[in-house]
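Q: I've got a structure open and I'm not sure how to read it. Could you walk me through a few features?

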Amino acid sequence: MKKIEINPITRLEGHGKIAIFLNDDGNVDEAFFQVVELRGYENFLQGMPIEEVPRTVSTICGVCRGVHFTSAMKASDQIYGVEPTPVAKKLRELFFNAHYVEDHAVVLYALGLPDFVVGPEAPAAERNLVGLVKAVGAEIGRDVLTKRASAVKIFEMLGGKPIHPVAAVPGGWSKKITEAERQQLIAWSKDLVELGKLTINVFDKIVLQNPKYMELVTGDMYKVTTNYMGTVNEKGQIAYYDGIQKVVDPKGKEIASFTGKEYLDVISERVVPWSYLKVPYLKQMGWKGIVEGAGTSLYSVGPLARFNVGNGMDTPLAQEAYEQFMDTFASRPVHYVQAYHWARAIELLNAAEKCFQLAQDPELTDPNTRAELGKVTGEGVGITEAPRGTLIHHYKTDDKGIVTNANLIVATTHNKGPINIAVRKAAKHFIKDGKVDDGILNYIEMGFRPYDLCLACATHAVGQAQTPLSIDVFDSQGALHKTLNNF
Amino acid sequence: MHTETLVLGLGNPLLQDDRVGIRAVELLREQLIPVPTEVLFTVGFEVVDKVMGRERVIIVDASTTGNVPGTITEVSVEDIFATHTLRNSHAMTLGTTLKTGYTLFPDRMPKDIKIMLIEADDIDHFSDRCTPDVEQAVHDVVRRIIGYIA
């Protein structure tokens, strides 16, 4: 048996690798995606006052800083037995949706679109953000970066401090908004809506109108059939900041819903011998292994999962785009992982429209941004829909609100099983007769790139960040036969 | 006040030597050096947002290039620009974001940009202090910065 090993990531919380095993005919027998997640923060947080936790967990990730901040803040509300005031909730939602816009924009333009714009078989030296800019033109690139900066400005104004938010307080939000600031928020939000429309147009021109790329979006090589988890509002529409968590099976039938601590009744984790990271699965189904299709206990989270769980969007332009999305596929749920990128583009527009709606609300300047604290309950579960999927922060404290236990479940952990299947299917489709090259390597990577793995974020030292990738090909005797590098 | 120069420190403040950029800014502020400073816990496009419109920028960040811990290296944008395809959006590099900034906004990016890297010893453990050799190197970098802006 030949073994092909892709060693992509050697960074702090995620040194992982992909190992692909070939049979004697040179075709793929099995593939594993292995990763080590950083668990250090869960220990580090113990002994800390819960009201300090949001500011601390925002350093878990330079990219996902706002979502960890928000989940921890929501948990702190419960620990202090308090509901945020109406204006505090609106300010939090505006902050969270602005974060969505800037995050989705980066993922789409830096990670997802280069495969399609520059081409999946283009040299790696061109298949990146700079290559994308050259392909679509500097004018669009400037427009995207300039408008995206408006999302960062909203995040900064509301967060109370540049880049790294500090405004979280149990039951409220410490940053009050003046009328002049609200007018500025409206102006910035208009930029975001324009960015959303531009992104839908770019995706339409580049991907949807290109039959070859649509084959990738709707092709079985990137089809992963699982259950789906996401958050919906009271109307069943996709929600990000708050709502009810819902699970549908591979046919789209609702099989579970939960809030807060009830996640423990729905999700279980399985230790697998080939990875340090446990694989989550649906408790009610029992562990069925890394398998897809009817009866699988694996579930996916993230933009596509939310599309499959929700019944639509809560803003007009995004709803229009959602309907076009669903009409494109023969049936729902949609199981094609390349559709994650399309769903991400539509969510960007949805979050932008929400920002605009919230900024127009005169109540935003209400100074009553904090509720009186209740009695310390000793436990809180903050669940949000992070851009990459459902994010759970679960804390226990003593009677003074000092953290005694922390459990964080991030999107990449939920998606562990589906990512394995995506890699395995892409490898089986593209590797034939033992032949692998750089183009095939990229097609395999395209299997997991739509999930936007959160593996490498707590540090970013120069020299670490390039995530070099190599494939080692071993012959049937286990000896190294060939090595391919993309650096 | 050297308003035309910005000192930007990068790093995670909670992870030992990864915090060298943050530490450099702390020292400049403690010594009341009259120069605008910023810190970022990320190397995403926020870096471009911060440096755009400045004439001159000094960036301090950690490196893990195999040098002796505490080694100070000054590099250009081209030196640290890598053309790899991204595995995930978290793998964005300082070189990529700066290069993108210069590609899209050549007239608004700093004409003079100095990137100072300090080789880290330990970026795996939680601490709000750098290891001794690296801490010493941060002091050396701060002296150099003061010399540059004098």
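A: Sure! Let's begin with pockets: a pocket is an open set of grid points with protein on both sides within 12 Å along at least five of seven lines. Keep in mind that this is a predicted model.

Q: OK, so how much space lies in the largest pocket here?

A: About 360 Å³. Its lining has 18 residues, and the ones nearest the centre are Glu93(A), Asn233(A), Glu234(A), Asp314(A) and Lys354(A). By kind, the lining splits into 7 nonpolar, 4 polar and 7 charged residues.

Q: Which helix gives the most to that lining?

A: That's α12(A), with 3 residues. Both α4 (86-117) and α12 (339-359) of chain A supply at least two.

Q: Now sheets. How do strands pair up?

A: In general, through backbone hydrogen bonds, either parallel or antiparallel. In chain B, you can find an open sheet of 5 strands in the order β2-β1-β3-β5-β4, with mixed pairing. Since β2 (37-40) and β4 (72-75) of chain B are at the edges with a single partner strand each, one side of each has no neighbour in the sheet. From one strand to the next, the twist averages 20°.

Q: Which helix packs on the sheet and touches β2 of chain B?

A: Helix α1 (residues 20-30) of chain B, which also touches β1, β3 and β5 (112-119) of that chain. Its direction makes about 155° with that of β2(B).

Q: Last one: is helix α15 of chain A largely enclosed or open?

A: Buried means under 20% relative accessible area. In α15 (residues 438-448) of chain A, 10 of the 11 residues are buried, so the helix is largely enclosed by the rest of the structure. Among them are Ile440(A), Tyr443(A) and Phe448(A).

How values were computed:
Residues are numbered from 1 along each chain as its sequence is written. Chains are lettered from A and ligands numbered from 1 in the order in which they are written. This is a predicted model: local features need pLDDT of at least 70, side-chain atom pairs count only at pLDDT 80 or more; totals for chains, interfaces and linings use all residues. Side-chain values use heavy atoms; hydrogens and water are left out. Two strands pair if DSSP finds at least two bridges between them. Helices (H or I, at least four residues) and strands (E, at least two) are DSSP runs, numbered from the N terminus. Axes are lines fitted to C-alpha atoms, for helices over the stretch in contact, and angles run from 0 to 180 degrees between N-to-C directions. Contact means heavy atoms within 4.5 Å. Buried means under 20% relative accessible area, exposed over 50%, partly exposed in between (1.4 Å probe, protein chains only). On a 1 Å grid over the protein atoms alone, a cavity is a set of points where a 1.4 Å probe fits but cannot get out, and a pocket is an open set with protein on both sides within 12 Å along at least five of seven lines; lining residues have an atom within 4 Å of a point. Grid points are joined across faces, edges and corners, and a volume is the space filled by probe spheres set on the points. Ala, Val, Leu, Ile, Met, Phe, Trp, Tyr, Cys and Pro count as nonpolar, Asp, Glu, Lys and Arg as charged, and the others, Gly among them, as polar.
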